[in-house]
Amino acid sequence: MAPALAWYRRIVIGVLCLAVGGGGALLLFFWRSWPWVAAWAALVLAVLVAGWILAGLFHRSWGYVEASEELCLTYGVFVRQLVVIPYGRMQVVDVTADLLEQALGIATVRVRTAASTADTRVVGLPLAEAVRMRDRLAARSESFSTGL
């Protein structure tokens with residue numbers, strides 16, 4: 001995964017903390033409650049620091065392997081998960097990138113299957129690598145098609 005994935009998450013948590021923290025502090029400021037403004041700012045800062053650290057941990061927790069007959073993904077910091085998707089069960093493979101992902105040069109490969117609980121994604125790939133992965137997975141899914 002690209003290091004930009006950690007920055008993506010850090011920017012998102014930073015913007016959210018800025019919006020929620022600033023809005024809450026502004027409301028508390030108008031109520032003339034200075035101790036509550038300081039407490040609110042400390043809480044928002046603690047959430048920002050925790051989010052900053054967790055972004056790096058989440059980035060390092062993602063991994064994938066394109067095996068001979070299936071795609072294997074692993075992720076999770078507190079609860080590790082292993083997802084195995086046989087190529088023959090893949091129905092749709094697409095690449096998405098929101099505006100911030102585009103600015104950072106990363107994308108997400110989304111794999112959809114007939115079972116909605118098995119839908120998964122590979123996040124934080126460089127755009128060119130994501131497009132190549134989509135093409136490989138689409139070709140493999142056609143060659144392993146189970147004829148459903």
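**Exercise 1. Find the charged group that sits over the ring of Trp7, and say how far it is from the ring centre.**

Step 1. Keep in mind that you're working with a predicted model. Go to Trp7 and look for a charged end over its ring: the one you want belongs to Arg10.

Step 2. Now the distance. The charged end of Arg10 is 5.4 Å from the centre of the Trp7 ring. The cut-off is within 6 Å, so the distance part of the test is passed.

**Exercise 2. Work out how the aromatic pairs are arranged, and which parts of the chain they tie together.**

Step 1. Searching the whole structure turns up 2 aromatic pairs. Trp7 and Trp52 make up one of them, with 5.3 Å centre to centre and 85 degrees between the planes. Planes over 60 degrees apart count as edge-to-face, and that's the label this pair gets.

Step 2. Place the partners. Trp7 is in helix H1 (residues 4-30) and Trp52 in helix H2 (residues 34-61), so the pair ties together parts 45 residues apart in sequence.

Step 3. Check how covered they are. Trp7 has a relative accessible area of 43% and is partly exposed; Trp52, at 38%, is partly exposed too.

Step 4. Turn to Trp62 and Tyr75. Their ring centres are 4.6 Å apart and their planes are at 20 degrees, so this pair is stacked. Trp62 lies in the loop between H2 and strand E1 (63-66), while Tyr75 is in strand E2 (residues 70-75), so here the parts tied together are 13 residues apart. Trp62 is buried, at 13% relative accessibility.

**Exercise 3. Say which helix gives the most to the nonpolar surface patch.**

Step 1. List the members: Trp7, Ile11, Val15, Leu45, Val49, Trp52, Ile53 and Leu57 make a patch of about 730 Å².

Step 2. Sort them by element. H1 and H2 are the elements that give two or more residues, and H2 comes out on top with 5.

**Exercise 4. Trace the salt-bridge network that includes Glu66.**

Step 1. The structure has 4 salt bridges. In one of them, Arg136 meets Glu66 at 2.5 Å, N to O. Arg136 sits in helix H4 (residues 127-143) and Glu66 in strand E1, 70 residues apart.

Step 2. Arg140 also bridges to Glu66, with the closest N and O atoms 3.0 Å apart. Arg140 is in helix H4 as well, 74 residues from Glu66.

Step 3. Put it together: Glu66, Arg136 and Arg140 are linked in a network. Both arginines are partly exposed, Arg136 at 33% and Arg140 at 28%.

Notes
Residues are numbered from 1 along each chain as its sequence is written. This is a predicted model: local features need pLDDT of at least 70, side-chain atom pairs count only at pLDDT 80 or more; totals for chains, interfaces and linings use all residues. Side-chain values use heavy atoms; hydrogens and water are left out. Rings of Phe, Tyr and Trp (its six-membered ring) pair if their centres lie within 6.5 Å; planes under 30 degrees apart count as stacked, over 60 as edge-to-face and the rest as tilted. Helices (H or I, at least four residues) and strands (E, at least two) are DSSP runs, numbered from the N terminus. Buried means under 20% relative accessible area, exposed over 50%, partly exposed in between (1.4 Å probe, protein chains only). A charge sits over a ring if NZ of Lys or CZ of Arg is within 6 Å of the ring centre and within 35 degrees of the ring normal. Patches are made of residues with over 30% relative accessible area and no salt bridge: like charges are joined within 9 Å, nonpolar side chains (Val, Leu, Ile, Met, Phe, Trp, Tyr) within 5 Å. Accessible areas come from the Shrake-Rupley method with a 1.4 Å probe; for residues, only the protein chains shown count as cover. A salt bridge is a side-chain nitrogen of Lys or Arg within 4 Å of a carboxyl oxygen of Asp or Glu.
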